[in-house]
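The exercises below are meant to be worked through with the structure open beside the text. Please attempt each task before reading the solution that follows it.

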Amino acid sequence: MSGRATGAARAPRVACKRESVVVTRFGPAEAVYVFDHAGRLFSVWRADRLYRRALDGRIMEKYTDRSGPRPRKHRRFLDGRERAAILNDAAGAAGEALAALRDGRAELLWSLHGPVDRTRAATLLEAAAGFDARAADVDARRFEATYTPVSIVPPDRYLSVVVQITEGCHWNRCTFCSFYRNRPFRVKPLDQFVAHVDAVVAFFGDGLALRRGIFLGDANALLLPTSDLVPRFEVLTQRLPDHTRDASAFIDVFTGHKRGAQDFALLRTLGLRRVYLGLESGCDELLAALNKPQTAAEAVELVDTVRAAGVRAGVIVMAGIGGRPAWSKHVDATVAALARMRLGAGDLVYVSAFHAPDQGPYAEWARASGIPPLTDDDVADQVDELRRRAARVVGPGTRVAPYDIEEFLY
């Protein structure tokens, strides 16, 4: 580690980590910049604002207002001029850190394998210094050539390597979901999947170090027969061996409950560690209103099968379904279904806020049923109630957490 600079201006700090490079710029406008090992900007923290870059080039600004009785999250996407300013500022900060490293002024923190390597640190900073607005635009176009839009993944998988075995959603008729509305469902043939995985590996390059595990996209990858999934897992094991040991995917209750424990156990030997299923509600009447072709009993059955195979479950429920009239029915039935699942160590329960759409089948059902929409505060209250009551009925080691879909960036 080099010594800190003395005098009026403190030199930058450079932290070379296993997964990222972090540059801290000190002074009146102190800021922290995080880059992956390929030089891509990942995030910026400055002036109580977090700026997070998505691989498709968008940058979200996030902060929390804590002045009122309930903290309020604020999020917005930057416009083109603002994006360019953030990217060029970050590239400039990396360039300053590189200069300071070369002349011995920078504070260098090292947690990569092996002894401190200033040459390696300089190489990482050079890549970050070159990732200005123009380079970021090129990178975003490469991403769009590699993927169809990555619409959503669970919160604990935001840093996974997404590989798209399928595109879209084969059901695509739930009244609350618009993630895949204008995208036809298709399964990538094996040769196309191989080409896709090779393109993913080439796109991320050294930036793969930032990514943890594999997420099998899109919405219905586990719809495929096990005999079709096995060769795809073999491709992933060859191309991404470290990541494939921790693979996960969404699974539909209405198709997944037809797969046996032996199939899940085989997939576990290939790397499948968790599946995420949308229970949404434990009330079958409300599931019908959502056009979700499943029952709560089928969801419980699927979780039993998955857990018997040694695969962990991530169960997603929604707060706000059915409005005020269905509040108790929805919450009571959902908590009862979670209790029957006998979740344990390593399992997850996510509670997601449901905001009723103004148009579409659900809105028509709500109007016909005389159900006014809940306010944002009402929905937040139900999120809190579901989290509190769910925590009482799940087993030790099960995490119950919020799922804010507006936070998602890939």
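**Exercise 1. Describe the overall surface, size and make-up of the protein.**

Solution. Begin with the surface: about 17900 Å² of the protein is exposed, and carbon and sulfur atoms supply 51% of that area. The model is a predicted one, and this applies to every value in these solutions. Next, consider the dimensions: taken along the principal axes, the C-alpha atoms fill a box of roughly 70 × 55 × 40 Å. The radius of gyration is 23 Å, which agrees with the value near 22 Å that a compact globule of 410 residues would have. Turning to the interior, buried residues make up 53% of the 410 residues, where buried means under 20% relative accessible area. Among the contacts with a separation of 6 or more, 73% are between residues 24 or more positions apart. Finally, the secondary structure consists of 13 helices and 17 strands.

**Exercise 2. Trace the open sheet of 8 strands, and locate the helix that lies across part of it.**

Solution. First write down the strand order, which is β7-β6-β5-β4-β3-β2-β1-β8, with mixed pairing. The edges are β7 (72–77) and β8 (107–110), each of which pairs on one side only. Neighbouring strands of this sheet are turned by 15 degrees against each other on average, when direction is ignored. Within the sheet, follow one pair in detail: strand β4 (residues 41–46) and strand β5 (residues 49–53) are antiparallel and share 4 bridges, and S43 stands opposite R52 in β5. Then add the helix: α2 (residues 118–129) lies across β1 (13–16), β2 (21–25), β3 (31–35) and β8, and its direction makes an angle of about 105 degrees with β8.

**Exercise 3. Determine how strand β16 is placed, and which residues are the bridge partners of Y350.**

Solution. Start with burial: 5 of the 6 residues of β16 (residues 348–353) are buried, so this strand is largely enclosed by the rest of the structure. On one pairing, strand β15 (residues 312–319) runs parallel to β16 over 6 bridges, and I316 stands opposite Y350. The chain passes from β15 to β16 by way of helix α11 (residues 327–341), and this β-α-β crossover is right-handed. For the other pairing, β16 is joined to strand β17 (residues 399–403) by 5 bridges, again in the parallel sense, with A401 in β17 as the bridge partner of Y350. Y350 therefore stands opposite I316 in β15 and A401 in β17.

**Exercise 4. Examine the backbone at D48, R342 and the bond from G217 to D218, and say where each residue with positive phi lies and whether it is buried or exposed.**

Solution. Recall the background first: most residues other than glycine have a negative phi, and most peptide bonds are trans. D48 has a phi near 60 degrees, a positive value, and is found in the loop between β4 and β5. Its relative accessible area is 57%, so D48 is exposed, given that the cut-off for exposed is over 50%. R342 likewise has a positive phi, of about 50 degrees, and lies in the loop between α11 and β16. With 58% relative accessibility, R342 also counts as exposed. Lastly, the peptide bond from G217 to D218 is cis, with omega near -5 degrees, and D218 belongs to the loop between β12 (214–217) and α5 (226–239).

Note on methods:
Residues are numbered from 1 along each chain as its sequence is written. This is a predicted model: local features need pLDDT of at least 70, side-chain atom pairs count only at pLDDT 80 or more; totals for chains, interfaces and linings use all residues. Side-chain values use heavy atoms; hydrogens and water are left out. Buried means under 20% relative accessible area, exposed over 50%, partly exposed in between (1.4 Å probe, protein chains only). Helices (H or I, at least four residues) and strands (E, at least two) are DSSP runs, numbered from the N terminus. Two strands pair if DSSP finds at least two bridges between them. A crossover is right-handed if, with the strands pointing away from the viewer, the path from the first strand over the helix to the second runs clockwise. The radius of gyration is taken over C-alpha atoms; the globule rule is 2.2 Å times the number of residues to the power 0.38. Contact means heavy atoms within 4.5 Å. Accessible areas come from the Shrake-Rupley method with a 1.4 Å probe; for residues, only the protein chains shown count as cover. Axes are lines fitted to C-alpha atoms, for helices over the stretch in contact, and angles run from 0 to 180 degrees between N-to-C directions.
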